[in-house]
Amino acid sequence: MRKFAVVSGFLGSGKTTLMMALTDFYSAHYAGAVMISNDLGEGVLLADHKLAQLGGCRALQITDECICFCRDVLTERLNACYEDGCELVVSDIPGFGVGAQEHVYHGLAENCPGQYELAPFTVLIEPRNLALLREGRAGDMGFILDAQLREADLIVLSKCELLDEKARGDALCWLAARYPGTEQLAVSAKTGEGLDALCRALRERKASMRHPEIDYDADDLQNAMGSLSEYYLQYRAVVCCDDFDGSAYLADLAAEIQNSVRSAGCEVPHLKLLAWGPEGDYGKADLLGADRPIELPHRFARPCTDLGVLLNTSAACPDETLNRLLGEAVRTVSDRYQLELTIFKKDHFGLGE
Ligand SMILES: Nc1nc2c(ncn2[C@@H]2O[C@H](COP(=O)(O)OP(=O)(O)OP(=O)(O)O)[C@@H](O)[C@H]2O)c(=O)[nH]1
Ligand SMILES: [Mg+2]
């Protein structure tokens, strides 16, 4: 079996965390599975990919291009995975990820007929964004969330442990009525709930190969895309004292960034901070919006003196402003902890420019 699934969904909806849990579960209970992290940025090490590696997952990354537009690279990676004995490959898509049903699924079906079994096109939505969508309070994001869900064969209500049974049932009923022809599942990568049902859906079912009616030139989509900037920073931080708490540093840095982007009137749907020591100990902090609590999904087990750090984000903020704000925040908080920094790679650009 040469199964392939695209996992789409808004920034921060839980795609990477779910793909990690899914590849582990699938490999343990069914057959070999590999995840691909796909994002823009020339020759970079993606935070999502590094996280998957630190978590011990079978993982690959595709950078530089969206998998929508680099079919040769994608098929070369897929073929290598299947030749290596793998049965299922899952990949996310960068940015808002609208259009992969057409570009990736139909592109593969037309150009590589019979080579891959396309699994249901899977779209995640997290409880908070679903509530905003249902209440008509999602603003520009509402168009994107709706367009993503209209591409779906399988809608995954992610982070489902955050909802009680009744709220979960309501959410799934609403999704079923609003997006007819889709299947819905509630899944929590955190607790493992729903993972087996997701594995079975991907293994046993096929993509619908629908042609969703989406106006890719719609002003709402173009405006939202055009307002986004991408920022990437990779550095090494060294500290002389031996009681340095890497997780406290990441949490303080995330808080400093949150304050400065909020003051600048910008929004950061998802900013990832990942740091790791030479022995594989690691910490992660996520900023999921200017007004949401900072998440620390993984903490360092021990103090460390030498760490690699990755900062990746897509933010609704002009490129130069974001570059200045993030640079200042990294300097301010690193000075507070008396860290010596060596920058390895920095990349930033506005998607509308
Ligand atoms: N409570 C809860 N949090 C989760 C769950 N899955 C993911 N998260 C958290 O949600 C945040 C975003 O998760 P990611 O997996 O990085 O989201 P993503 O969709 O890959 O984000 P992008 O790469 O920016 O598009 C992280 O802080 C995760 O720890 C879950 O099942 N439950
Ligand atoms: Mg991700």
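**Pairing and packing in a two-domain model**

Me: In this predicted model, what makes S11 and S12 a pair of strands?

Reply: Strand S11 (residues 282-287) and S12 run antiparallel and are joined by two bridges. Pairing asks for at least two bridges, so S11 and S12 count as paired. Within S11, Asp-286 stands opposite Glu-295 in S12.

Me: Why is strand S12 called an edge strand?

Reply: The sheet is open, with six strands in the order S12-S11-S10-S13-S9-S14 and antiparallel pairing. Strand S12 (295-298) pairs on one side only, and so does strand S14 (340-350), which makes both of them edge strands. Happily, there is a figure for the twist too: neighbouring strands of this sheet are turned by 15 degrees against each other on average, direction ignored.

Me: How do you know which strands helix H11 touches?

Reply: Touching here rests on C-beta atoms, placed from the backbone, lying within 7 Å. Helix H11 (residues 319-336) packs on the sheet and touches strand S9 (228-238), strand S13 (306-316) and S14. The direction of H11 makes about 20 degrees with that of S9.

Me: What are the two domains, and how many residues from each take part in their contact?

Reply: The protein is divided into domain 1 (3-220) and domain 2 (228-350). Their centres, taken over C-alpha atoms, are separated by 26 Å. The contact takes 13 residues from domain 1 and 18 residues from domain 2.

Me: Which classes of residue does domain 1 turn to domain 2 where they touch?

Reply: The side of domain 1 that touches domain 2 has eight nonpolar, three polar and two charged residues.

Technical notes
Residues numbered from 1 in each chain as written. Chains lettered and ligands numbered in written order. Predicted model: local features only at pLDDT ≥ 70, side-chain atom pairs only at ≥ 80, totals over all residues. Domains from an automatic or database assignment. Nonpolar A, V, L, I, M, F, W, Y, C, P; charged D, E, K, R; others polar. Helix = DSSP H or I, 4+ residues; strand = E, 2+ residues; numbered from the N terminus. Axes fitted to C-alpha atoms, helices over the stretch in contact; angles between N-to-C directions.
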